[in-house]
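Thanks for coming. I will talk through one model this morning, mostly helix packing and charged pairs.

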Amino acid sequence: MDKDGIYDDLAQLVKEIDRLPIDDEETRRLNELVTRLEGHVEGREPEREPQEIVDTVDQVISRLETDHPTFTGILRRVMNALSSMGV
């Protein structure tokens, strides 16, 4: 997947976050996660703790995959794309 495809998926994640029946704090955390992922795509997110973002994404997927498979499917696709880019 090219960067444009990743940006499309990130934009879709933001739309999905707005649809999720979650509280404001969880919405904020998920939006921050999308911003961090975007930072990785753009090369402006420090790679000092790459496992940290992987762990965070894994936790989000574990919490939401049953009730929100569309959101977690897109999130997995973004992570796979970042991984194939070497991030």
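I will take the helix pair before the salt bridges. This is a predicted model, where local features need pLDDT of at least 70, side-chain atom pairs count only at pLDDT 80 or more, and totals for chains, interfaces and linings use all residues. Residues are numbered from 1 along each chain as its sequence is written, and side-chain values use heavy atoms, leaving out hydrogens and water.

Helix 2 covers residues 24-42 and helix 3 residues 50-64; their axes come within 11 Å and cross at roughly 140°. Axes are lines fitted to C-alpha atoms over the stretch in contact, with angles from 0 to 180 degrees between N-to-C directions. Helices are DSSP runs of H or I, at least four residues, numbered from the N terminus.

Now the charged pairs. The structure holds 9 salt bridges, a salt bridge being a side-chain nitrogen of Lys or Arg within 4 Å of a carboxyl oxygen of Asp or Glu. Arg28 pairs with Glu25 at 2.3 Å, N to O, and with Glu32 at 2.4 Å, N to O. Arg28 and Glu25 are 3 residues apart in helix 2, about one helical turn; Glu32 and Arg28 are 4 residues apart in helix 2, also about one turn.

Which side chain meets Arg36 in a salt bridge? That is Glu52, at 3.8 Å, N to O. Glu52 lies in helix 3 and Arg36 in helix 2, so this pair ties together parts 16 residues apart in sequence.

Methods
Helices (H or I, at least four residues) and strands (E, at least two) are DSSP runs, numbered from the N terminus.
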